[in-house]
Amino acid sequence: MKILVTGGAGFIGGNFVHYMVNKYPEDQIVNLDLLTYAGNLETLKPVEDKPNYKFVRGDIADRPFIMELFEKEQFDVVVNFAAESHVDRSITDPGIFVKTNVLGTQTLLDASRAYGVKRYHQVSTDEVYGDLPLDRPDLFFTEETPIHTSSPYSASKASADLFVLAYHRTFGLPVTVSRCSNNYGPYHFPEKLIPLMISRALADESLPVYGKGENVRDWLHVSDHCAAIDLIIRKGKVGEIYNIGGHNERTNLEVVKTILKALDKPESLIQYVTDRPGHDRRYAIDPTKIETELGWKPQYNFDTGIAMTIQWYLDNQDWWKHILSGEYSNYFEKMYGDR
Ligand code: NAD
Ligand code: DAU
C-alpha cells in the first residue's frame, strides 16, 4: 500500500510515521508537511533513510500542488494529521485555522475522490464535543454526543469532520474519522501543557497554570493513538466515527504537580495566570466502540506513560532546546507577557 500521511513532521503525525515505517516495511509511507512552526524534520531523523519513507514539503490547502501530487503518487490511503493544532493560537489568530483545517481537508477530500483513494482517514479530536461539567464524573463523550464547539480550533476541526462525513454520504468516498483525547509522549511541541511544564521546570522557570488548574483532560500516550489509527484504517467500518481514549483523567494541577515531583522541583514554581477564554472544563472519552468493534486497548496508563515521557525529555534535550532557542521564544513572551 502507498499511504499519504499529512502533518507527519508534527507531534502525533511524526510518531505515526515512525510507527508505520517500522511496522510495515512493505508499505510506502509518504509524509507531506508544510513545516510550519510546529513541523520539525529532526523528529523524522530515525526514519529518514528507510527505503519505504519519503518526505514532501507542501501545503494541504494548495489545490494545484495537491492534485499534481495525488496524480503522480496514486495513494491507496490518506491519513490527515495536518492541522493548526493549538487552541491558544486559534484565539489570537483564527483565520489560518479555517484555511488549513477546513479548506486543507476539503482539498484532500477532492483529491482523494479524483484519484480513487481507497481509504481517507481524518484525525480529529474530542474537542468537537465541547466540554463536560466538572461535577458529573458519570458523563463521557460517545460518538453520538452532539457537536458543540468552544474555540476557533475546535470549530475548524468540527467543520472538517462534517465535510469528511458529507463526502462519504454524497459522493461515497470511503472515509473514517477518529476523535481522540489529549495525547502526550515524545516529540510533543513545547507550547502544549506537558512539554511546556517539563521544559520550564527543568530551567527553574515559572509554570503558567490557567485559572485554578481545575480543568480536566483525558490523557492518552501517543503510541496508543497511533495503534488505534492503524487499526481503524485496516479494520474500521467506512463512514464511521471512532472515539479514542484510555480513561486517564487528571486535573491540570495534578499533571503539573506530577511533573514537578518527578523532576524534584518545588511547587512554588507554579504561577496561576488568567484563564483561557472559553476554557473547556472537562474532556472524557467513552472508548467502548473502538474496544468492542476493533479490539483496541491502550498499553499505557498515565503514571507509566508520563514517567517515560519525562525521561524522554531528559534524554532528548537537544530536540526541544533547539525549538526553544528559535522563533518560539518570542511566542512565549507574547502569549504570557500580560497574563
Ligand atoms: P502539531 O501541531 O504537532 O503538528 C501539525 C503538523 O501539521 C505540523 O508538522 C505542521 O507543519 C503541519 N501542517 C500545518 N499546516 C499544514 C498545511 N497547511 N499543510 C501541510 N502540513 C501542515 O499537531 P499534533 O498535536 O500532532 O496534532 C495532529 C492532529 O491530531 C491534528 O489534526 C489535531 O487536530 C489532532 N489531534 C491532536 C491531539 C493532541 O492531543 N495533540 C488530540 C486529538 C487530535
Ligand atoms: O483534546 C484533544 C486536544 O488536546 C487536541 O485536539 C489539541 O490539538 C491539543 O492541543 C489539546 O488541546 P488542549 O487545549 O487540551 O491542550 P493544551 O496542552 O493547550 O492544554 C491542556 C490543558 O492545560 C488545558 O486545560 C489548558 C491548560 N494549560 C495549557 C497551557 C499551554 C495551562 O494551564 N497552562 C498552559 O500554559
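Trainee: How far is an oxygen atom of ligand 1 from an N or O atom in the side chain of Ser85?
Mentor: Bear in mind that this is a predicted model, where local features need pLDDT of at least 70, side-chain atom pairs count only at pLDDT 80 or more, and totals for chains, interfaces and linings use all residues. Residues are numbered from 1 along each chain as its sequence is written, chains are lettered from A and ligands numbered from 1 in the order in which they are written, and side-chain values use heavy atoms, with hydrogens and water left out. The pair you're asking about is a polar contact (N or O atoms within 3.5 Å; within protein, one must be able to donate a hydrogen and the other to accept it, and residues adjacent in sequence count only if both atoms are side-chain atoms). For Ser85, the value is 2.6 Å.

Trainee: And what share of the accessible area of ligand 1 does the protein cover?
Mentor: Start with two more polar contacts: the Asp33 side chain has an N or O atom 2.6 Å from a ligand 1 oxygen, and a backbone N or O atom of Phe11 is 3.0 Å from an oxygen of ligand 1. Accessible areas here come from the Shrake-Rupley method with a 1.4 Å probe, and for residues only the protein chains shown count as cover. On its own, ligand 1 has 830 Å² of accessible area, and the share covered by protein is 96%.

Trainee: Which element gives the most to the shell around ligand 1?
Mentor: The shell takes in residues with a heavy atom within 4 Å of the ligand, and helices (H or I, at least four residues) and strands (E, at least two) are DSSP runs numbered from the N terminus. There are 28 residues around ligand 1, Tyr153 and Lys157 being among the nearest. The top contributor, with three residues, is S5.

Trainee: How much of ligand 2 does the protein bury?
Mentor: 25 residues surround ligand 2, with His279 and Arg276 among the closest. Asp126 puts a polar side-chain atom 2.5 Å from one of its oxygens, while an N or O atom in the Arg217 side chain is 2.7 Å from an oxygen of ligand 2. Of the 690 Å² that ligand 2 exposes when taken alone, the buried part is 94%.

Trainee: Over to helix H2: what arc do its buried residues cover around the axis?
Mentor: Buried means under 20% relative accessible area, exposed over 50%, and partly exposed in between (1.4 Å probe, protein chains only). In H2 (residues 63-73), Ile66, Met67, Leu69, Phe70 and Glu73 are buried. They sit on the same side of H2 because the arc they cover around the axis, taken from the directions from the helix axis to the C-beta atoms, is only 165°.

Trainee: Which residues are exposed on the other side of H2?
Mentor: The buried residues of H2 pack against strands S1, S2, S3 and S4 and helix H4, where contact means heavy atoms within 4.5 Å. Across from them, the exposed ones are Pro64, Glu68 and Lys72.

Trainee: Is Met197 buried or exposed?
Mentor: Met197 lies in helix H6. Beyond its neighbours within four places in sequence, Met197 contacts Leu207, Pro208, Val209, Val256 and Ile259. Since its relative accessibility is 1%, Met197 counts as buried.
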